[in-house]
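Student: Please show me the model, and then let us go through some of its elements by question and answer.

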Amino acid sequence: MITAIAIDDEPLGLKIIAHYCDQIDFISLEKTFTKQSEALKHLKKFPVDLLFLDIQMPSRNGIDFYKMLEHNPMVIFTTAYSEYAVEGFNVNATDYLLKPFSFERFLQAAEKARSVYETKNQVQSTERQYLFIRADYSLHKILIADILFIEGLDDYLKIHIQNQKKIVTRMTMKSILEKLPASEFLRVHRSFIIPISKIEKVRNKIIYIGDEEIPVSGSYEAAFSGAISHKK
């Protein structure tokens, strides 16, 4: 299922997109926004796979908004102005819908997004089965499926691995997150990254993985709750 949000300053435009998405079984439109600022706050807590994004908006050009995003979702631009098409494709847009667009044209764009999504996930599943981590003057091959959790220690990381010795490496939390599958790993605290599949239970903002108790801090609580609810 492709998760998506739609951003358009015209409520009617959002209603049309929501109506069309309701007829497509592989897209889950999570929310719609008329203000970019509210959409940005949502995306920081709940990243999605796809944006339906109007280009001509009062606060900021939709293309400029897309360029400032930290993560890199697919984007289908929507606009009444054809002159933006070239610029839209320059940022690797999945498609470009010229208003008013029919359901058939919308479905065509959605199918393109599904094709990109499936290809990307196939690449991740074949290439991201393991990591090579430098520690103790050696490269260590770590199976991603064996990672129990990752602990941040100032400029170092301690990688806790199932039935293996812990590996301590000089690396940042941000850099290792970029190497891990985003759908499987989640930062829950300034000092902890956990694989969702290894969670045994959660009680009073404490995650239990084996004998370890890992706190969920307030700044990551909403993103954690959102990720868990999507896995239910």
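Student: What distance should the twelve residues of helix α1 span at 1.5 Å a residue?
Tutor: This is a predicted model, in which local features need pLDDT of at least 70 and side-chain atom pairs count only at pLDDT 80 or more, while totals for chains, interfaces and linings use all residues. Residues are numbered from 1 along each chain as its sequence is written, and side-chain values use heavy atoms, with hydrogens and water left out. Helices (H or I, at least four residues) and strands (E, at least two) are DSSP runs numbered from the N terminus, and the expected span of a helix is 1.5 Å times one less than its number of residues. For α1, residues 11-22, the end C-alpha atoms are 16 Å apart, which agrees with the expected 16 Å.

Student: Within what arc do the buried residues of α1 fall, seen down its axis?
Tutor: Buried means under 20% relative accessible area, exposed over 50%, and partly exposed in between (1.4 Å probe, protein chains only). The buried residues of α1 are Gly 13, Leu 14, Ile 17, Tyr 20 and Cys 21. Taking directions from the helix axis to the C-beta atoms, these residues line one face of the helix, because they fall within an arc of 130°.

Student: Which exposed residues does the face of α1 turned away from its buried side carry?
Tutor: This face carries Pro 11, Leu 12, Lys 15 and Asp 22.

Student: Is Thr 3 buried or exposed?
Tutor: Thr 3 is found in strand β1, residues 2-7. Leaving aside neighbours within four places in sequence, its contacts (heavy atoms within 4.5 Å) include Ser 28, Pro 47 and Leu 50. Its relative accessible area is 16%, so Thr 3 is buried.

Student: Which element supplies the largest share of the largest nonpolar core?
Tutor: A nonpolar core is a set of buried Ala, Val, Leu, Ile, Met, Phe, Trp, Tyr and Cys residues joined through side-chain atoms within 4.5 Å. The largest has 21 residues, and Ile 17, Leu 50 and Phe 106 are among those with the most contacts inside it. β1, α1, β3 (50-54), β4 (74-79) and α5 (103-127) each supply at least two residues of this core. The largest share, five residues, comes from α5.

Student: What is the bridge partner of Ile 159 in β10?
Tutor: Two strands pair if DSSP finds at least two bridges between them. Strand β9 (residues 156-161) and β10 pair in the antiparallel sense over four bridges. The covered face of β10 (residues 167-170) has Ile 167 and Thr 169. The partner of Ile 159 is Ile 167.
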